[in-house]
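I opened this notebook to keep track of what I looked up, one entry at a time. The order is that of my own reading, from the whole chain down to single residues.

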Amino acid sequence: MMLPDLRVRPCLEKGGPLRWAGASPRHRIRGSAWLAGLGLLIALLSTLGCCAQVPGLSMAEGNTLVSVDYEIFGKVQGVFFRKYTQAESKKLGLVGWVQNTDQGTVQGQLQGPISKVRHMQEWLKTRGSPKSHIDRANFKNEKVILKLDYTDFQIVK
C-alpha cells in the first residue's frame, strides 16, 4: 500500500496556509482543515494496521496510541518471562501489565504508540525471555485510544 507524502512545505507568511509537498497554490488547504484531515488519515491507517509517521511532528503527535490485550502460550512460566516483558516494555516506553494465568500462560495488556506496540508484539511472538519457548501469541481487543490508562508497566502477582 502506497502512503501519501505527508510532509508540508513551510510557509513564510505568519498564519499562511499549509500545503502538501509538491502541491500547487490552487490546491492549498487551510491549516485547521489539513490537521483535521491528517488526524482522520492516521486513525484510518492505524485501524487498517498501517503506521504513518509525519515528518516534523513529535512521536506523540505523529503516532496513534493503541491498546491491545495478549496471551502467550508455551514454556512461559518459571523462566522470568514477566520480568523480561516488563523490561522490554519499559525500554520501548509502553505501559500496561503482565501476569501468569492458572492455565500456564502469560497474559497482559500493552498501551502506547502503534509502532512501539507492534515492535513489542513481535518480541512477544518471537523472543521472550532467554529460557522461554513460545508456541504462539494471541492478540485481541486492539483499539485506538485517546490517552493511556496506566502510568507504567507492572507485573501483576
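The entries below go from the overall layout to the core, a helix pair and a few single residues.

**Entry 1: the chain as a whole**

I noted at the outset that I am working from a predicted model. I listed the secondary structure and found 4 helices and 7 strands in the protein chain, and from the N terminus on the elements run β-β-α-α-β-α-β-β-α-β-β. I then looked up burial, and 37% of the 157 residues count as buried. For the contacts I took pairs of residues at least 6 apart in sequence, and among these 67% join residues at least 24 apart.

**Entry 2: the nonpolar core**

Which residues have the most contacts inside the largest nonpolar core? I found that this core has 20 residues, and that Tyr70, Ile72, Phe81, Leu110, Met120 and Leu124 have the most contacts inside it. I then asked which elements supply at least two residues each, and the list is β3 (65–75), α3 (81–92), β5 (106–113), α4 (114–126) and β6 (133–144). The element that gives the most is α4, with 5 residues. As background I wrote down that in soluble globular proteins nonpolar side chains tend to be buried together.

I followed Met120 further, setting aside its neighbours within four places in sequence, and its contacts are Thr85, Glu88, Ser89, Leu92, Leu94 and Leu110.

**Entry 3: α3 against α4**

I next looked up how α3 and α4 pack, and I read an angle of about 155 degrees with the axes 10 Å apart. That angle makes α3 roughly antiparallel to α4, because over 145 degrees counts as roughly antiparallel. The crossing in which α3 passes α4 is right-handed. On the α3 side the residues that meet α4 are Phe81, Tyr84, Thr85, Glu88, Ser89 and Leu92, and on the α4 side their partners are Lys116, His119, Met120, Trp123 and Leu124. I noticed that Phe81, Met120 and Leu124 from this list are also among the residues with the most contacts inside the core.

**Entry 4: two glutamines**

Is Gln109 buried or exposed? Gln109, which I placed in strand β5, counts as buried at 12% relative accessibility, because the cut-off for buried is under 20%. Its side chain makes a polar contact with the side chain of Asp69 at 2.8 Å and another with the side chain of Tyr150 at 3.0 Å. Not counting residues up to four places away in sequence, Gln109 touches Ser67, Val68, Asp69, Tyr70, Val95, Gly96, Trp97, Tyr150 and Phe153.

I then turned to Gln121, which sits in helix α4 and is buried, with a relative accessible area of 9%. With residues up to four places away in sequence again left out, Gln121 touches Val68, Leu110, Phe139 and Glu142, and I noted that Val68 is also on the list for Gln109.

**Entry 5: Asp152**

I found Asp152 in the loop between β6 and β7 (153–156), where it is partly exposed, with a relative accessible area of 30%. The side chain of Asp152 makes a polar contact with the side chain of Gln154 at 2.6 Å. Apart from neighbours within four places in sequence, Asp152 is in contact with Val95 and Gly96, and both of these residues are touched by Gln109 as well. I also looked up the C-alpha to C-alpha distance from Asp152 to Trp97, which is 8.3 Å for a separation of 55 residues in sequence.

**Entry 6: Arg82**

What does Arg82 touch, not counting residues up to four places away in sequence? Arg82 is found in helix α3, and its partners are Val98, Gln99, Asn100, Val106, Ile155, Val156 and Lys157. I added that Arg82 and Gly108 are 26 residues apart in sequence and 9.6 Å apart in space, C-alpha to C-alpha.

**Entry 7: positive phi**

I closed with backbone angles, and I found that Phe80 has a positive phi of about 60 degrees although it is not a glycine. Phe80 lies in the loop between β3 and α3 and is exposed, with a relative accessible area of 59%. Asn141, likewise not a glycine, has a positive phi of about 55 degrees, and I placed Asn141 in strand β6.

Notes. Residues numbered from 1 in each chain as written. Predicted model: local features only at pLDDT ≥ 70, side-chain atom pairs only at ≥ 80, totals over all residues. Heavy atoms only, no water. Core = buried A, V, L, I, M, F, W, Y, C linked by side-chain atoms within 4.5 Å. Buried < 20%, exposed > 50% of the residue type's maximum accessible area, 1.4 Å probe, protein only. Contact = heavy atoms within 4.5 Å. Polar contact = N/O pair within 3.5 Å; in protein donor to acceptor, adjacent residues only side chain to side chain. Axes fitted to C-alpha atoms, helices over the stretch in contact; angles between N-to-C directions. Parallel < 35°, antiparallel > 145°, perpendicular 65-115°, else oblique. Left-handed = near helix turned anticlockwise from the far one by under 90°.
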